[in-house]
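Me: I am new to this structure and would be grateful for a close look at a single part of it. Please describe the surroundings of one residue in detail, and then place a few others beside it.

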Amino acid sequence: MAYRTDTPHPAETNGERLSVLRRRKRWTQQRLAQESGYSLAAIRGFEQGRRSLDRGSVILTLCRALDCHPTEITGQSYAPADGDRAGQEAAAAVAAVRRALLRHGRPTRPSDAETAAVDLPDLQRRVAEANSLRQSAALARSASVLPQLLRDVQVACDVLADDGRRTAYGLLTSVYECAMQYLYKLGRVSDATLATERVLWSAERTEDPLRIIAARWYEAGEFLGIGEHDDAADIIDSALTALGRPGSPQELSLAGSFHLKAALNEARGGGREAERHLQHAQRLAETLGDPRRGLQRPDKACLLAESRPCRCCGWVC
C-alpha cells in the first residue's frame, strides 16, 4: 500500500529523513557525528543510502542526539494514498478522537437525554465491540465508533456514582486503550501518548490494583520506545514488586507480560538480564498451563532484531 506525506517533496528513506532532521537543527554532518558518537563517514553513509539505517539501536542513538521520536526517522506519520478509501476514513476521524481526548477531565455537561440514556450493560457491549475492532486493526470501523463512544463513557463517569462510576472508569480505560492504538497506527505519536496518559488516569480511578498495574505496561512501552531504558526498567520493576507472588491467572499473565517487556528492554538497552526475564516468563507460562492463556516465549534472536517502533513494546520484531 502506497503512502504519501504532507510535505510537497517528501523524504522517501530513513536516511533522507535523517538528513531533514539534521538540517532542521542547522547541524552539519560533522556535528551530528560528534553528538551521536558515529563517524562522519557513517553519517554520510546513512543519509546517502550507502549504509543501512534500519537497526533500532542505531535509530535510537540518532534520535537521542537529535531529540526526536523514532517515527520521525522511520517515516510516520503518513497520510493514506488517494486510492485507500478505508485509510482516508480512518484518518478523517483523528480530529474527533483527539477532541474527545482533550476534553478528558472536563465537565461533560450532559443533556437530560444523554443522562437518561446512560446504560452500563449497553456500554459494556459497545466497548467489547471496540476492543474487537482494535484487535483486528479495523481502523476505519474504529474511527466510526470511537468519538461517540468516548463521549458516552465520559458522560457515564460523570453521572454515575460508587460502583457504577468505578465500572464506567474501567470502560473508559478500555476505550482510551483503543484510541491509543488507533492513533499510533495512524502515526499520530503525540496524540497516542496523550491517550496513554488518559489510560493511566482512568485506570487509577477504577480502584482496581490489577487494572492500575496493567496500565503501567503501556507507560513502560512509552519510555522503551524512545530509548529511556532506565525509566522503563523502573516502571517494570515497580509493577513486578506490586504483583509480588502472583497466584491468579490474571496476575500470572500480567507478571509474564512485564517480564517479557523487561527482557525486551534489557536487550534493547544493552543489559545482561534479558535471559533471566525470559526464563521467568517461561515459568509463569508453564504455571498457567492452558496454552490459550499462556505466554509464548519469543526467540532471543527475535528480541534482538531491529525493526520499526511499536506502540505496545517499543519495537516490533
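Reply: Arg151 has a relative accessible area of 22% and is therefore partly exposed, since buried would require a value under 20%. This description rests on a predicted model. Arg151 lies in helix α10, which comprises residues 139-159. Setting aside residues up to four places away in sequence, Arg151 touches Thr108, Arg109, Pro110 and Glu114. A further spatial relation links Arg151 to Val97: 54 residues separate the two in sequence, while their C-alpha atoms are 9.6 Å apart in space.

Gln29 may be placed beside this residue. Its relative accessibility is 17%, so Gln29 counts as buried, the limit for that class being under 20%. Gln29 is situated in helix α2, residues 29-36. When neighbours within four places in sequence are left aside, the contacts of Gln29 are Arg22, Leu40, Ile43, Arg44 and Glu47.

The next residue to consider is Glu228. Glu228 belongs to the loop between α13 (209-225) and α14 (229-243). With 34% relative accessibility, Glu228 is classed as partly exposed, because that class covers the range between under 20% for buried and over 50% for exposed. Glu228 also takes part in a negative surface patch, together with Asp230, Asp231, Asp234 and Asp237. Residues enter such a patch if their relative accessible area is over 30% and they form no salt bridge; the 34% of Glu228 satisfies the requirement on area.

Methods: Residues are numbered from 1 along each chain as its sequence is written. This is a predicted model: local features need pLDDT of at least 70, side-chain atom pairs count only at pLDDT 80 or more; totals for chains, interfaces and linings use all residues. Side-chain values use heavy atoms; hydrogens and water are left out. Patches are made of residues with over 30% relative accessible area and no salt bridge: like charges are joined within 9 Å, nonpolar side chains (Val, Leu, Ile, Met, Phe, Trp, Tyr) within 5 Å. Accessible areas come from the Shrake-Rupley method with a 1.4 Å probe; for residues, only the protein chains shown count as cover. A salt bridge is a side-chain nitrogen of Lys or Arg within 4 Å of a carboxyl oxygen of Asp or Glu. Lys and Arg count as positive and Asp and Glu as negative; His and the chain ends are not counted. The place of a charge is taken as NZ of Lys, CZ of Arg, CG of Asp or CD of Glu. Helices (H or I, at least four residues) and strands (E, at least two) are DSSP runs, numbered from the N terminus. Buried means under 20% relative accessible area, exposed over 50%, partly exposed in between (1.4 Å probe, protein chains only). Contact means heavy atoms within 4.5 Å.
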